[in-house]
Amino acid sequence: MREEYLLAALRMGAGADPVPEGVSASARAVFGLRVPGGVPAGPVDVPVPPGARSSSEAGAAPAGLRRFSADGLVIDVETTVTGGHLEVAGQVSPAPGQDARIEVRTPHIAKVRVPSGSGHFAVAGLPPGWVSVVCHRPGHPPVFTRWIHARP
């Protein structure tokens, strides 16, 4: 059995077994989702409000709330699936300023919003599944969150 795997690996390495087109198409699609020159925002714990014993108690951060941080920004993203559609709401802190824009992306659709003066943004009507948020600020590299899987 091990010899079969070795022979298959050697054939692939030699180019005798081409990469299946579906694998190549998926790789090209994923490559198109990158943010050139962007800064990845890492996940940050959302603090539990004072007096709460755990995140499952009343008053704790909502289950769909995620927080990310990089390059001096904190990006809060809350996802909700309602009626078969994904809704994304969030806030960038500190507010990203004038001429900033927030891009909410799925693998198939991207919607751009201008954040409010306090950094809030919202998008509705997206397909449920994977979503990422990118904050574009003039004079700064874009800051993007990791992909979040939002399910009903």
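# Salt bridges, strands and surface

Student: Is D76 buried or exposed?
Tutor: This is a predicted model. D76 has a relative accessible area of 12%. The cut-off for burial is under 20%, so the residue falls below it. With 12%, D76 is therefore buried.

Student: Where is D76 found?
Tutor: The model has two helices and ten strands to choose from. Both helices come ahead of the strands in the run α-α-β-β-β-β-β-β-β-β-β-β. D76 is found in strand β3.

Student: Which residues is D76 in contact with, leaving aside neighbours within four places in sequence?
Tutor: Start with a run in sequence: L65, R66 and R67 touch D76. A second run adds A89, G90 and Q91. One more residue completes the list for D76: F121.

Student: What distance, N to O, goes with the salt bridge of D76 and R67?
Tutor: Side chains of opposite charge can pair when their charged atoms come close. The cut-off for a salt bridge is 4 Å. The side chains of D76 and R67 also count as a polar contact. Their N to O distance is 2.6 Å.

Student: At 22% relative accessibility, what does R67 count as?
Tutor: Buried means under 20%, and exposed means over 50%. R67 has 22%, so neither label applies. R67 therefore counts as partly exposed.

Student: How many salt bridges does a search of the whole structure find?
Tutor: One salt bridge joins D76 and R67. Another joins the side chains of D71 and R137, at 3.0 Å, N to O. The search of the whole structure gives a total of two.

Student: How many residues apart are D71 and R137?
Tutor: D71 and R137 meet in a salt bridge. The pair links distant parts of the chain. D71 is in the loop between β2 (65-70) and β3 (73-82), while R137 is in the loop between β8 (129-136) and β9. The separation along the chain is 66 residues.

Student: Is R137 buried or exposed?
Tutor: Its partner D71 has a relative accessible area of 41% and is partly exposed. R137 has 10% relative accessibility. The limit for burial is 20%, so this value lies under it. R137 therefore counts as buried.

Student: What phi does D71 have in the turn?
Tutor: β2 and β3 form a hairpin. Two residues lie between these strands, and D71 is in the turn. The phi of D71 is positive, at about 50 degrees.

Student: How many bridges join β2 to β3?
Tutor: These strands run antiparallel. One partnership sets F68 against I75 in β3. The count of bridges joining β2 to β3 is six.

Student: Which residue in β2 does V44 stand opposite?
Tutor: Strand β1 (residues 39-44) is joined to β2 by three bridges. This pair runs antiparallel. Opposite V44 in β2 stands R67.

Student: Which residues is T145 in contact with, leaving aside neighbours within four places in sequence?
Tutor: T145 lies in strand β9 (residues 143-145). At 1% relative accessibility, T145 counts as buried. Among its contacts are F68 and I75. The full list is A41, F68, I75, V77, S132 and V133.

Student: What separates the C-alpha atoms of P94 and I75?
Tutor: P94 sits in the loop between β4 (85-93) and β5 (101-105), and the residue touches G72 and L73. At 52% relative accessibility, P94 counts as exposed. Along the chain, P94 and I75 are 19 residues apart. Their C-alpha atoms are separated by 9.1 Å.

Student: Which residues form a nonpolar patch on the surface, with about 300 Å² of accessible area together?
Tutor: One member, L10, is found in helix α1 (residues 2-14). L10 is exposed, with a relative accessible area of 53%. The patch is formed by L6, L7 and L10.

Student: What share of the area exposed by the protein do carbon and sulfur atoms supply?
Tutor: Of the 152 residues, 28% count as buried. The protein exposes about 9,400 Å². Carbon and sulfur atoms supply 59%.

Conventions: Residues numbered from 1 in each chain as written. Predicted model: local features only at pLDDT ≥ 70, side-chain atom pairs only at ≥ 80, totals over all residues. Heavy atoms only, no water. Helix = DSSP H or I, 4+ residues; strand = E, 2+ residues; numbered from the N terminus. Buried < 20%, exposed > 50% of the residue type's maximum accessible area, 1.4 Å probe, protein only. Contact = heavy atoms within 4.5 Å. Patch = residues over 30% accessible without salt bridge, like charges linked within 9 Å, V, L, I, M, F, W, Y side chains within 5 Å. Areas by Shrake-Rupley, 256 points an atom, 1.4 Å probe, with all protein chains shown as cover. Pairing = 2+ DSSP bridges. Polar contact = N/O pair within 3.5 Å; in protein donor to acceptor, adjacent residues only side chain to side chain.
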